[in-house]
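Welcome, and thanks for taking a look at this one. Please have the sequence and the 3D view open side by side while you read the notes.

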Amino acid sequence: AWWAANDPIRADESAVDSLLPEQEANLKALAAQMDEKSPDQRIIKAEIYRELKEFERCIALLSEPFEDDRHTEWAVFIRELAEQESWRVSEITEDK
């Protein structure tokens, strides 16, 4: 559902200035379910915070090192977006 909700933003980024209140509530509920001890879930939670414009929380989650290159690369990408205060959807490609 989260990724499906991003489809309109992917199609036309200028069409959406912010998330709907329902989308924000759903993302906050999803973030609350994430286990920060799991690298995958910590990345997801950081991305949720970024999309919620909670950039400091996003960066804080990514400040702890990851044990593998894949998560480290994703964390760097998401952190750079958060540092730019970019909340819009950005694709993480296979080389990231």
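What follows is a short tour of the fold, one pair of helices, and the charged side chains around that pair. Please keep in mind that this is a predicted model. The protein chain has five helices and zero strands. A good place to begin is the pairing of α3 with α5, whose axes are 10 Å apart.

**Overall picture**

- Read from the N terminus, the elements of the protein chain follow the order α-α-α-α-α.
- Of the 96 residues in the protein chain, 36% are buried.
- Among contacts with a separation of 6 or more, 53% are between residues 24 or more positions apart.

**How α3 and α5 pack**

- The two helices to look at are α3, residues 39-51, and α5, residues 69-83.
- The angle at which α3 and α5 pack is about 10 degrees. Angles under 35 degrees count as roughly parallel, so α3 is roughly parallel to α5.
- On the α3 side, the residues that meet α5 are P39, D40, I43, E47 and R50. Their partners in α5 are R70, H71, W74, A75, I78, L81 and A82.
- Sorted by class, the residues in the contact of α3 with α5 are seven nonpolar, one polar and four charged.
- H71 is one of the α5 residues in this contact. Its relative accessible area is 4%, so H71 is buried.
- Leaving out residues up to four places away in sequence, H71 touches P39, D40, I43 and F66.

**Salt bridges**

- The structure holds five salt bridges, and three of them are described here, beginning with D40 and R70, whose closest N and O atoms are 3.5 Å apart.
- D40 belongs to helix α3 and R70 to helix α5, so this pair ties together parts that are 30 residues apart in sequence.
- Are D40 and R70 buried or partly exposed? D40 counts as partly exposed because its relative accessibility is 37%, and R70 counts as partly exposed at 42%.
- E47 forms a salt bridge with R50, and here the closest N and O atoms are 2.7 Å apart. These two residues sit three residues apart in helix α3, so about one helical turn separates them. Both E47 and R50 are buried.
- R79 pairs with E83 in a salt bridge whose closest N and O atoms are 2.9 Å apart. R79 and E83 are both in helix α5, four residues apart, which is about one turn of the helix.
- R79 counts as partly exposed because its relative accessibility is 29%. E83 has a relative accessible area of 49%, so it too is partly exposed.

**A closer look at R50**

- R50 lies in helix α3. Why is R50 described as buried? Buried means under 20% relative accessible area, and the value for R50 is 0%.
- Which residue has its backbone oxygen 2.5 Å from a polar atom of the R50 side chain? That residue is S86.
- Apart from its neighbours within four places in sequence, R50 is in contact with F55, C58, I78, L81, A82, S86, W87, R88, V89 and S90.
- I78, L81 and A82 in that list are also among the α5 residues that meet α3.
- To sum up this residue, R50 forms a salt bridge with E47, has a polar side-chain atom 2.5 Å from the backbone oxygen of S86, and is buried.

Methods: Residues are numbered from 1 along each chain as its sequence is written. This is a predicted model: local features need pLDDT of at least 70, side-chain atom pairs count only at pLDDT 80 or more; totals for chains, interfaces and linings use all residues. Side-chain values use heavy atoms; hydrogens and water are left out. Buried means under 20% relative accessible area, exposed over 50%, partly exposed in between (1.4 Å probe, protein chains only). A polar contact is a pair of N or O atoms within 3.5 Å; within protein, one must be able to donate a hydrogen and the other to accept it, and residues adjacent in sequence count only if both atoms are side-chain atoms. Contact means heavy atoms within 4.5 Å. A salt bridge is a side-chain nitrogen of Lys or Arg within 4 Å of a carboxyl oxygen of Asp or Glu. Axes are lines fitted to C-alpha atoms, for helices over the stretch in contact, and angles run from 0 to 180 degrees between N-to-C directions. Angles under 35 degrees count as roughly parallel, over 145 as roughly antiparallel, 65 to 115 as roughly perpendicular and the rest as oblique. Ala, Val, Leu, Ile, Met, Phe, Trp, Tyr, Cys and Pro count as nonpolar, Asp, Glu, Lys and Arg as charged, and the others, Gly among them, as polar.
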